[in-house]
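Biologist: Please take one part of this model and look at it closely with me, at a pace that suits a first-year student. I should like to follow how the strands pair there, and then what lies around them.

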Amino acid sequence: MRKRMRGMPVSPSCKINPGLNSGRRVMKLTKTLMATTALTVAAGMVAADGHMASEMTIVSWGGAYSASQKNAYHDPYSEMTGVTIINDDSSAEAVAKLRAMNEAGNVTWDVVDVVAADAIRLCDEGLALEIDPDTDLAAAPDGTSASEDFGDLLVSDCFIPQIVYSTTFGYRTDLVGDTPPTSVCAVFDTEAYPGKRSLEKRPINNMEWALICDGVAKDDVYDVLETAEGQQQALDKLATIKDDVIWWSAGADTPQLLADGEVIMGSTYNGRLFSVIEEQNQPVAMLWDAQVFDLDGWIIPTGLSPEREARARDYIMFATDTQRLADQAKWISYGPARASSAPLVGQHADLGIDMAPHMPTDPANAQNTFLYNYEFWADYRDDIDAKFQAWLAQ
């Protein structure tokens, strides 16, 4: 059964506690988000043996994010078990591709990294396996159950949370003059900040930012957006900058556009901006205002053979323990999804800088945030996608 949630603005001191609001559960960011990280490998993990597949395909998002997973999860797991891991960077198309694989009766993926809303859709459609956190996931080092350690981030019976991240904006510090932007609405101010912007080629986040910058209160955004009039209002606001937008599909696109000076500002995932700012030392700064919090994690597709399913479950047990999730934060500035991992987040593996101040959940960065509404986009995604793509083609 889907755990129904409703997104709302979040302050650094908020908790994520499900409640009811107009028939939907309200989700508030909790200590779990602010303290978010992962666990150490539990003894009792299923040993690799002849009953598990010797090869697996893991699907993710590519770029710096997949590199962080390779360093924290894939390489240690392969070294421990001898399994061969094939990486596929198709997570952006996960729902459509898993639907097609299921229909064809040929599921070729073993573990898939998806955002929470996509996990909800896949679970509702029977395309992802249900997971019992306290059976299938490792307990925290102090014995705290996985269900308690992940807490309210377990937003679907099929979803294993991995990270808390945000979608936000970066801007070229050398192109904004003496008044760098402090508000997300600077994206719509082409007079003060002339030049190209980059936005993701999908309605999610763009529609919310458009309504906020058109005067809709944060608390009302999803009530407005579920109406045809509200959707048109968002598209009309986006139309005011449509000619100045470069639309991106891959998370690495905006960092490259910023590095090349092709855009003055653009949206992407906070970890990708961390990479271009800190690792590549580009003249780029982060605009944290109205960053949209979201969850990303794993699902195991339905339709696997017993050997492949056993391998996928074994990998998930390993990759989502406290230590492993904390380890990922050595390579990318995403907050691990386990509360027990927070104390283990330290410095960047190569740069030697403290990672905590670069997390989207750091209080200094989370003064004005917005929480993605998983339920809304699980219910409305297909319809609004179609409307948005038709608008793009006009």
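Modeller: Two strands are said to pair if DSSP finds at least two bridges between them. With that in mind, and remembering that this is a predicted model, we can begin with strand 7, which covers residues 160-172 and is mostly covered, with 13 of its 13 residues buried. Strand 7 pairs with strand 10 in the antiparallel sense over five bridges, and within this pairing phenylalanine 169 stands opposite serine 267 of strand 10. Strand 7 is also joined to strand 11 (residues 284-299) by 11 bridges, again with the two strands running antiparallel, and here tyrosine 165 has aspartate 294 of strand 11 as its bridge partner. A further antiparallel pairing, made by two bridges, links strand 7 to strand 12 (residues 335-336), where isoleucine 163 is placed opposite proline 336.

Strand 10 (residues 265-269) leads us on to strand 8, since these two pair in the parallel sense over two bridges, with methionine 265 of strand 10 as the bridge partner of arginine 197. Strand 8 is joined to strand 9 (residues 245-248) as well, by four bridges and in a parallel arrangement, and in strand 9 the partner of arginine 197 is valine 245. Arginine 197 therefore has a bridge partner in strand 9 and another in strand 10, a pattern you can follow when you look at strand 8 from its two edges.

The faces of strand 8 deserve a separate look. In a regular strand the side chains alternate between the two faces of the sheet. For strand 8 (residues 197-200), Arg197 and Leu199 lie on one side while Ser198 and Glu200 lie on the other, and these four are all buried, which leaves both faces of the strand covered.

After strand 8 the chain enters the loop that leads to helix 7 (206-212), and asparagine 205 lies in this loop. Asparagine 205 has a positive phi of about 75 degrees although it is not a glycine, and it counts as buried because its relative accessible area of 3% falls under 20%. Arginine 202 belongs to that loop between strand 8 and helix 7 too, and by the same reasoning it is buried, since its relative accessible area is 11% and the cut-off is under 20%. Leaving aside residues up to four places away in sequence, arginine 202 touches Arg381, Asp385, Phe388 and Gln389.

Phe388 takes us to helix 14, as it is one of the residues through which helix 14 touches helix 9. Helix 9 (residues 228-239) and helix 14 (residues 374-393) pack at an angle of about 35 degrees, with their axes 11 Å apart, and helix 9 passes helix 14 in a right-handed crossing. From helix 9 the contact uses Ala228, Gln231, Leu235, Leu238 and Ala239, and from helix 14 it uses Ile384, Lys387, Phe388 and Trp391. Sorted by class, these are seven nonpolar residues, one polar residue and one charged residue.

Several of these residues meet again around methionine 207, which touches Leu225, Gln231, Ala234, Leu235, Leu238, Trp377, Ile384 and Phe388, not counting residues up to four places away in sequence. The largest nonpolar core has 93 residues, and those that touch the most other members are Met207, Trp298, Tyr315 and Trp377. A second, separate core of 10 residues includes Ala259, Val276, Val284 and Met286.

Val276 brings us back towards strand 7, for it is among the buried residues of helix 11, together with Asn270, Gly271, Arg272, Leu273, Phe274, Ser275 and Ile277. Because eight of the 10 residues of helix 11 (residues 270-279) are buried, the helix is largely enclosed by the rest of the structure. Its buried residues pack against helix 2 (63-81), strand 7, helix 10 (253-259), strand 10 and strand 11. Just after helix 11, asparagine 281 takes a positive phi of about 55 degrees. Strand 11 contains alanine 290, whose phi is near 60 degrees, a positive value in a residue other than glycine. Alanine 290 is buried, with a relative accessible area of 2%.

How values were computed
Residues numbered from 1 in each chain as written. Predicted model: local features only at pLDDT ≥ 70, side-chain atom pairs only at ≥ 80, totals over all residues. Heavy atoms only, no water. Axes fitted to C-alpha atoms, helices over the stretch in contact; angles between N-to-C directions. Left-handed = near helix turned anticlockwise from the far one by under 90°. Contact = heavy atoms within 4.5 Å. Nonpolar A, V, L, I, M, F, W, Y, C, P; charged D, E, K, R; others polar. Buried < 20%, exposed > 50% of the residue type's maximum accessible area, 1.4 Å probe, protein only. Core = buried A, V, L, I, M, F, W, Y, C linked by side-chain atoms within 4.5 Å.
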